[in-house]
Amino acid sequence: SAADTEFNFLRRLIDEDRIPADVTVQVLVQTREHLIRRTFEAIAGAKRAIVHIYNSTSPLQRRVTFGDATREQIRDIAIEGAKLVKQLVPTIPNTEVVLQYSPESFSDTELDFALECCNAVIDVWEPTPEKKMIINLPDTVQWTTPNIHADMIEWMCRHLNRRDSVLVSLHTHNDRGTGTAATELGLMAGADRVEGTLFGNGERTGNLDIVNVALNMN
């Protein structure tokens, strides 16, 4: 839903059957109703797609972006977006939809509040061990050293509801030049999944070089 260019690009991939059978497309959308509805139009007919919704959660964004919104108001944005997504999934029955949520500015959000938002969405989506959802924890601004980031990931992993039904995903940036280290320590701290880009080119999934991480793991 970012723009017509992206919408048309995805529609062409689907309509012309250009997505390989073992590839899952992922779409990223703010928790805003018209954007979420447009996103479901974009993925209709894909064999499998991850729908990734997010909303800003940090104190700075609550104050500046949302005009001094309360924590409860921000949490409710996440809940309402999750409810809408849940309603729309049955409207595209030929597409297997995997659900994903991010507190957008996780690295700059109070841990207890990031947890509150994540658990609220988990409670709406009700994942199971057989049909897991993804909780993505973005290192949006790399404020801290990798060990502190790993501590935050470990704490979230220990306190998320339905942990056996949730894939905890890392989304690291590289502001301090430590994106790879933060990712590797985050995996050691309990994360299940990594988002990144080839050779660190790009931003929408963070800018971790997943080639570097894959070679290190190998």
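This is a short talk on the pockets, the cavity and two helices of one structure.

Hi everyone, and thanks for coming. Please keep in mind throughout that we are looking at a predicted model.

Let's begin with the open spaces. The largest pocket holds about 650 Å³ of space. Which residues lie nearest its centre? They are Glu6, Gln26, Val27, Leu28 and Arg204, out of 20 residues that line this pocket. If you want to find the walls on your screen, look for helix H1 at 4–15, strand S1 at 25–30, helix H2 at 33–43 and strand S2 at 48–55, the elements that each give two or more residues to the lining. S1 gives the largest share, with six residues. As for chemistry, the lining of the largest pocket divides into twelve nonpolar residues, six polar and two charged.

Now to the second largest pocket, where about 280 Å³ of space lies. Here 18 residues form the lining, and Val97, Val98, Leu99, Lys131 and Lys132 are the closest to the centre. Two or more residues each come from S2, from strand S3 at 96–103 and from strand S4 at 133–139. S3 gives the most, with four residues. Sorted by class, the lining of the second largest pocket has ten nonpolar residues, one polar and seven charged.

There is also an enclosed space to point out. The structure holds one cavity of 30 Å³ or more, and the volume of the largest cavity is about 40 Å³. Around the largest cavity you will find Ser107, Asp139, Val141, Gln142, Trp143, Thr144, His149 and Met152. That lining is made of three nonpolar, four polar and one charged residues.

Next, let's go back to H1, which we met at the largest pocket. H1 has twelve residues, and from its first C-alpha to its last it reaches 16 Å, close to the 16 Å expected at 1.5 Å a residue. Which residues of H1 are buried? Phe7, Leu10, Arg11 and Ile14 are. Looking down the axis of H1, these buried residues fall within an arc of 100 degrees, so they line one face of the helix. It helps to recall that an α-helix has 3.6 residues a turn, so residues three or four places apart point the same way. The buried residues of H1 pack against S1 and H2, while Thr5 and Phe9 are exposed on the other side. After H1 comes Asp17, which has a positive phi, near 55 degrees.

A quick stop between S1 and H2: the loop there is the place of Thr31. Is Thr31 buried or exposed? Its relative accessible area is 12%, so Thr31 counts as buried, the cut-off being under 20%. Leaving aside residues up to four places away in sequence, Thr31 touches Ile36, Ile53, Tyr54, Asn55, Ile77 and Gly81.

Last, helix H6, residues 146–159. H6 has 14 residues and reaches 20 Å from first C-alpha to last, close to the 20 Å expected at 1.5 Å a residue. Its buried residues are Pro146, His149, Ala150, Met152, Ile153, Met156 and Cys157. Seen down the axis of H6, they fall within an arc of 155 degrees, so they too line one face of their helix. What covers them includes helix H5 at 111–125, S4, strand S5 at 166–172 and helix H7 at 179–188. You may recognise His149 and Met152, both named a moment ago in the lining of the largest cavity.

That's my tour, and I'm happy to take questions.

Technical notes
Residues are numbered from 1 along each chain as its sequence is written. This is a predicted model: local features need pLDDT of at least 70, side-chain atom pairs count only at pLDDT 80 or more; totals for chains, interfaces and linings use all residues. Side-chain values use heavy atoms; hydrogens and water are left out. On a 1 Å grid over the protein atoms alone, a cavity is a set of points where a 1.4 Å probe fits but cannot get out, and a pocket is an open set with protein on both sides within 12 Å along at least five of seven lines; lining residues have an atom within 4 Å of a point. Grid points are joined across faces, edges and corners, and a volume is the space filled by probe spheres set on the points. Ala, Val, Leu, Ile, Met, Phe, Trp, Tyr, Cys and Pro count as nonpolar, Asp, Glu, Lys and Arg as charged, and the others, Gly among them, as polar. The expected span of a helix is 1.5 Å times one less than its number of residues. Buried means under 20% relative accessible area, exposed over 50%, partly exposed in between (1.4 Å probe, protein chains only). The arc is that of the directions from the helix axis to the C-beta atoms. Contact means heavy atoms within 4.5 Å.
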